[in-house]
Amino acid sequence: MELRLKEQKRVFGLLALLLVLVGVYFAIPSGPAPHVHKKLKDLELNELEMDVLYAKNGETLEDIKRKSHVLMVFFTLNCADTRVNIPRLNDLHKRDDIAVVGYLMAGTSRAESFAKRYGVEFPIANPSLRYKQTFEPNVLPSSYLVNSSDLSVKEQYVGILFSQNVINGMSSI
């Protein structure tokens, strides 16, 4: 009888875990967020800002502006999705047509150690209050694809980023 009770508890625990995992799967947003995309579609920035906290390759704002697109990524240090995105963001940043700039929402004093620990190859900047108010990223990480020529924001990606979505977004700008 005691063995049966242990089996019932184990089954109940596994079912509870399964329910939690299913709930998390449906709660985590990913890919383009169309409702925000419509809000930002005609947004134009007055300027690109980059108060650099970390730049592995010494990139400057002028280097960033030379590329046809900028992917602005707002994130925090303790986010698992951010760590998953880093290799993809590094690959995108190596392309000739897009620059990636990470905007650290908190923990700016640890930016360099975080970047070195996780192999970040794109610059990390401190977002201005204006950027925080303009974009209001309520889910992190949130990424915004910007056309460098007119500084219009055309796409937003929330959560885990898929490089092909960004590449497709660049061709639609």
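**Exercise 1. Decide whether Y144 is buried or exposed in this predicted model, and place its ring among the aromatic neighbours.**

Solution. Start with accessibility: the relative accessible area of Y144 is 0%, and because a residue counts as buried under 20%, Y144 is buried. Next, look for a ring partner: Y144 forms an aromatic pair with F135, with 4.5 Å from centre to centre and 45 degrees between the planes, and this pair is tilted. F135 has a relative accessibility of 3%, so it counts as buried too. Finally, widen the view from the pair to the group: Y144 and F135 belong to one aromatic cluster together with F74, Y103 and Y131.

**Exercise 2. Count the aromatic pairs, and explain why the pair of F74 and Y103 is called stacked.**

Solution. With ring centres required to lie within 6.5 Å, the count comes to eight aromatic pairs. For F74 and Y103 the centres are 5.2 Å apart and the planes meet at 20 degrees, so the pair is stacked, the cut-off for stacking being under 30 degrees. Turning to the chain, F74 sits in strand β2 and Y103 in strand β3, 29 residues apart, so that the pair links distant parts of the chain. As for accessibility, F74 is buried at 0% relative accessible area, and Y103 is buried at 2%.

**Exercise 3. Work out the order of the strands in the sheet, and say which strands stand at its edges.**

Solution. The sheet is open and has six strands, which follow one another as β1-β4-β3-β2-β5-β6, with mixed pairing. Reading the two ends of this order, β1 (51–54) and β6 (152–158) stand at the edges; each has a single partner strand, so one side of each is left without a neighbour in the sheet. From one strand to the next, the twist averages 30 degrees. Within the sheet, β2 (residues 69–75) pairs with β3 (residues 98–104) in the parallel sense, over seven bridges, and H69 stands opposite I98 in β3.

Now add the helices that lie across these strands. Helix α4 (residues 80–94) crosses β2 and β3, running at about 150 degrees to β3. Helix α5 (residues 111–118) lies across β1, β2, β3 and β4 (124–126), and runs at about 55 degrees to β1.

**Exercise 4. For α5 and for α7, identify the buried residues and explain why they line one side of each helix.**

Solution. In α5 the buried residues are A111, F114 and A115. Seen down the helix axis, they fall within an arc of 100 degrees, so they line one face of α5. K116 and R117 are exposed on the other side of α5, while the cover over its buried residues includes β1, β2, α4, β3 and β4.

In α7 the buried residues are V166, G169 and M170. These cover an arc of only 100 degrees around the axis, which puts them on the same side of α7. On the other side of α7, S171 and S172 are exposed, and the buried residues of α7 pack against β2, α4, β3, β5 and β6.

A general rule helps in reading such patterns: an α-helix has 3.6 residues a turn, so residues three or four places apart point the same way.

**Exercise 5. Name the residues that touch the most other members of the largest nonpolar core, and trace which elements supply that core.**

Solution. The largest nonpolar core has 22 residues, and L71, V120, I124 and V166 touch the most other members. At least two residues of this core come from each of β2, α4, β3, α5 and α7 (163–172). Taking L71 as an example, its contacts beyond four places in sequence include L89, I98, V101, Y144, Y157 and V166. Another core, of 16 residues, lies apart from the largest one, and among its members are I64, Y103, Y131 and V146.

**Exercise 6. Find where the backbone has a cis peptide bond, and which residues have a positive phi although they are not glycines.**

Solution. Begin with the general expectation that most residues other than glycine have a negative phi, and that most peptide bonds are trans. The bond joining L140 and P141 is cis, with omega about 0 degrees, and P141 is placed in the loop between α6 (129–135) and β5 (142–147). E136, which lies in the loop between α6 and β5, has a positive phi of about 40 degrees. L151 has a positive phi of about 55 degrees; this residue is found in the loop between β5 and β6 and, at 15% relative accessibility, counts as buried. A glycine with a positive phi can be added for completeness: G119, just after α5, takes about 70 degrees.

Technical notes: Residues are numbered from 1 along each chain as its sequence is written. This is a predicted model: local features need pLDDT of at least 70, side-chain atom pairs count only at pLDDT 80 or more; totals for chains, interfaces and linings use all residues. Side-chain values use heavy atoms; hydrogens and water are left out. Two strands pair if DSSP finds at least two bridges between them. Helices (H or I, at least four residues) and strands (E, at least two) are DSSP runs, numbered from the N terminus. Axes are lines fitted to C-alpha atoms, for helices over the stretch in contact, and angles run from 0 to 180 degrees between N-to-C directions. Contact means heavy atoms within 4.5 Å. Rings of Phe, Tyr and Trp (its six-membered ring) pair if their centres lie within 6.5 Å; planes under 30 degrees apart count as stacked, over 60 as edge-to-face and the rest as tilted. Buried means under 20% relative accessible area, exposed over 50%, partly exposed in between (1.4 Å probe, protein chains only). A nonpolar core is a set of buried Ala, Val, Leu, Ile, Met, Phe, Trp, Tyr and Cys residues joined through side-chain atoms within 4.5 Å. The arc is that of the directions from the helix axis to the C-beta atoms.
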